[in-house]
Amino acid sequence: MIRLDGITKVFPGVKSLENVNFEAKAGEIHAILGENGAGKSTLIKTIAGAYIPEEGTIHFAGQERKWATPKEAKDAGIQIIYQELMLFPELTAAENIFIGKMPRTRFGTIDYKTMYRRANETLDSLGHRLDPRAPVRDLSIADQQMVEIAKALIGETKLLVLDEPTAAISGREAELLFECVKLLRDQGVCIIYISHRLEEIFSIADRVTVLKDGQNVGTHDIHELDRDKLVAMMVGREVNNIFPPKKTPNADVAPVLTVRDLRAPPKVKDVSFDLYAGEILGLAGLVGAGRSEVAHAIFGSMPRTDGTVTLGGEAFNAPTPRDSIDRGLGFLTEDRKGEGLMILLDMAANVTAPVLSEFTTTTGLDRNYEVQAAEDEIKRFRIAVPGPKSGVYQLSGGNQQKILFGRWARACRRVLILDEPTRGIDVGAKVEIYEIIRKLADEGAGVLVISSELPEIVGLCTRVLVMREGSVTGEVVSTEISEETIMHYATAASADAAQGAAR
Amino acid sequence: MSEVSAKATEKTTQQMALLRQFSVPIALVALVATATAVQPSFLSPNNIQDILTQTAPLALVVLGQAFVILVRGLDLSVASLMASVAVLATAFNATSNVMIPLIFASAILVSAVVGLINGLLVIKRNVSPFLATLAMMIVLQGIRFYYTQGAPSGSLPEGFRFLGAGRIAGIPVNVIAFTICFAGLAWLLHKSSFGRKIYITGGNPASADLVGIRSDRVTITCYVICSVMAGIAGLFLMGFVGTVDNWVGRGYELDAIVACVIGGIALTGGRGTLWGAAAGALILVLIFNIVIIMGLPVQAQMIIKGIIIIFAAALFAKAIQA
Amino acid sequence: MAFTNTNRPTRRLPLDPSLIVVALLLAAVVAVGFALSDRFGTTRNFMNVLEQAAALGFASLGQALVVIVGGIDLSIGAVVTASTVFMAGVVDLHPALMIPMIFGTLLFGAAIGFLNGFAIIKTGVHPLIVTLGTASILNGTVLIYTLQPTGGVPFWFEEFAYGRLGVIPISGLVMLLCFAVVWFLLRYSKTGRAFYAVGGSPEAARLNGIQSNRIILMAYSAGGFFAALSGTYFVSRTGVGDPRIGDPMTLASITPVILGGLVLGGGKGNILGVLLGVFLISLISNLLNYMNVSTFIQWVIQGLIIIFAVSIYVQKCKKL
């Protein structure tokens, strides 16, 4: 159905595609697997006509095509469901389903009656009921995904691409999605399914292509592969030795951070845990389970309605980020460019931002002292940056992340909350980040690692909390830690819990 | 081939950066050269003093506007505030120069309140800055006209004329005032930790909050600074013009924004220096002067202003995209 | 396959809540009017209000279309001014051109709007700045041409502003017609729905195969077109081209848009809300005139209404 030959796409400073060959057939589910930053998104945007590759050719339905705009690809029968859903919140579900090809009356106006009827039929055929007249903003994420899939059904869709469709939905909703996808495959649609969850791939895909650092590492039938082979293809080396050795912290002393009955509606319902100095504690769960919100509620960047927090033995309630920082609690957020890095400022200013008062004298900011502090962090974390006064925008994700580690490790020594600390950085830098995390714990900080990468949680943590829908549903210790047990707590409880959970 | 194109983009990026970096000095030199070519006496000490005297009130407004734009805002109420402050000054009906400090103090106080309201509307009510300040503009205008019933009356101490147009040892008084304000604000913005907080907030308010900076307070403070500077500028401009009407400073809101944009203060926030903003004011006044000495109608200034702001903003917008 | 039904269709209000808010406000103002003045509640007065609302109605309609696609047009006032001067100036010299000049003026407005849209798309500069720049250029040009009200049109042209069809003012009728047509197009045409899509999320619109740039150009052209219609109305009313007449229109055109529940940043809102907003503003002004409140205080009230309007709806607007 689609064949890519020698596709190369270059961005200034951003990882891209290099000479990628790829082919997917009608009536198959073809999974594309790869770590964050491996080039998956670039690949699908190239297929979608949103990016124009520098080199290479695209054959679609037997013809060579060069898309100039997404519209051309769409008209040819390519439907993409992006990770961030491309819906219009103020338009109704039906209008979103028919966007660009709404049925018309003989006067050329939009035929709402027909549109709503057909939208209903389409959604019914997916076995999913929702009100086609409801504005999309009122729908749940799972419903919104169904709207995207319904879009694929009403057009002459030959190729459907799903980008990480299960990132934000829970187990049962995912099952439903898989059924729909298989239904479409059986109707002869070519489906490209992008994910980094191995379990899913084995339950749904017919063939798998692995991308790594913008290159195609290989395409295989699913039954030629097992988990280990896939992982080895993805990371390019044995998984075991990328993590530093684990150390069990001394649990006899009082915990450095205790959290009891934390509530921060709507995402955080009931969270309690202890964190010990020197410990690396994992916080796992599906996207949307409320993990980041727990961090925000503790740090004080999101209001909490209930619960007690003690930091180093002192009660620490109703804080602001300022209070948290002053007491030695730091928070490295998941959105590195949106919430962490200050791209307009130089490296030194990025390091000192949380503790400016330390660098303030009667005559203003002590720039020399600041530069010197930044130099120290460059040496300490081996940051590949020309100097403290150089910009941070052009640096690789790994080096940007190290700067943020410099910022928070310098400012806060008691507790560090790290939200997705290795998102979007390459494997080599990941190994270094893991070593840094280990070192910070060894120096006496309590570290809470939030991550969607289960191997990372498994490889790094001595204890793991699992969250589901705002509550901690399980705690896994030492040898019990595995991806299976974590996934069990993250999803399995849903069967009985969902009965009671009124939507 | 891909490497070549990547290098090419890099090269244009560098050229754009260079153009951006030196656009202000290049523009200044080019304008002075043009003006001298048209009118050889342009560089006479007297004319230079005149130009600086004309620039000072605008430059004072520009300094304040720069703070607001740096935190991703915009203040369209500055001109209306300038006129309101001038009307306020006449309200004292003072004749003695002794009253001048009191007039200044009350003008600054009123301006600060106006700035505080602007800032609170933007931060606490989440009103978009242009709308909040546009509303403030018309509210001030209404109050001012209602008070004066259309025609201001009341007298001003003689000293204002000296402040607005006088000279000390050949240096215009308002230029001295500007220099003092500039020194203070430049220290605040470029040397103090508060200045760093402004850049962090303007660059990205979300990350500012997450490093413990109260971006809301920083932003509100910038609105207050802007209004206070506009108030001070209003008094100096009133002294320069010598009379008070309801439209003192008319058009200064756009002039100030244009000056900031030419001077490299990015409308997207977090980028630009006070030096650039002040130079932008000087560039604008030079352009206005060239329009006059070339014998063009005064209104041509408006046309040129409109063209410049679109082009200057486009130049910097492209540079940021790259 | 047995899937469980997890999502029951929800009942929703038949109307946009913002429409209800503005309608209630309108009702309140009318009630206050009846209580305060016995001349207020007459058909004659309501017809006068409808007649006077036309200028604001046209300008707000144009502004609303720009706002729906996520923009803002601060050159509306300048386009109003320029079109009055353009029309009255040309017709004064060539009275025979009166009728062609109606179309000429509307085309002129649309062309200015098109240039706004073009500059915004090509430069990537925020619409606020581009349209502020355009306003300065237009106002400068007009003021070079004349500092005083100038030009003239044939006497019969005042029919547009003052003429009546029975008791109903022609200008008010034209305004209602314009709103009706725009409402219909926004709701029932493919392009109309695309306006909302582009305003809601330009990137999603692009990836869904909508040609955002074309929609944006159309919106700004319509903005200029309706501003010129507002200018045409002023020429009909005053008989001259006035180089200052449009100044208050820029801010004034935004107020009903916000009152009507449109969101700065785009993608949302019903054009009928804007019409109600226009009536609301016009009635308030009418009422204040009956109460002998000075123009100056009315300015203050206008500013406060804007702040009130943005405060009743939580505005999730893009900053700047």
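**How two helices of chain B cross, and how far to trust the model**

Author: In this predicted model, the axes of helix α2 (residues 45-70) of chain B and helix α12 (residues 274-293) of chain B come within 8 Å and cross at roughly 140 degrees.

Reader: Why is α2(B) called oblique to α12(B)?

Author: Angles over 145 degrees count as roughly antiparallel and those from 65 to 115 as roughly perpendicular, while the rest, apart from angles under 35, are oblique; the axes here cross at roughly 140 degrees, and therefore α2(B) is oblique to α12(B). The crossing of these two helices is right-handed.

Reader: Which residues of α2(B) meet which residues of α12(B)?

Author: From α2(B) the list includes B:Ile51, B:Leu58, B:Val62 and B:Leu63, and from α12(B) it includes B:Leu274, B:Ala278, B:Leu282 and B:Val285. Also among them are B:Gln54 and B:Thr55 in α2(B), with B:Gly280 and B:Asn289 in α12(B).

Reader: What makes up this contact by class?

Author: The contact of α2(B) with α12(B) has twelve nonpolar and four polar residues, and no charged ones; Gly counts as polar in this scheme, so B:Gly280 belongs with the polar residues.

Reader: How do you know which parts of chain B deserve caution?

Author: Chain B averages a pLDDT of 88, with 93% of the residues scoring at least 70, yet over residues 1-6 of chain B the pLDDT is below 50. Where pLDDT is low, the predicted coordinates should not be read in detail. Among the elements of chain B, helix α1 (residues 2-38) has the lowest mean pLDDT, 72, and helix α7 (residues 173-190) the highest, 96.

Definitions and conventions. Residues are numbered from 1 along each chain as its sequence is written. Chains are lettered from A and ligands numbered from 1 in the order in which they are written. This is a predicted model: local features need pLDDT of at least 70, side-chain atom pairs count only at pLDDT 80 or more; totals for chains, interfaces and linings use all residues. pLDDT is the predictor's confidence in each residue, from 0 to 100. Helices (H or I, at least four residues) and strands (E, at least two) are DSSP runs, numbered from the N terminus. Two residues are in contact if their C-beta atoms, placed from the backbone, lie within 7 Å. Axes are lines fitted to C-alpha atoms, for helices over the stretch in contact, and angles run from 0 to 180 degrees between N-to-C directions. A crossing is left-handed if the near helix is turned anticlockwise from the far one by less than a right angle, and right-handed if clockwise.
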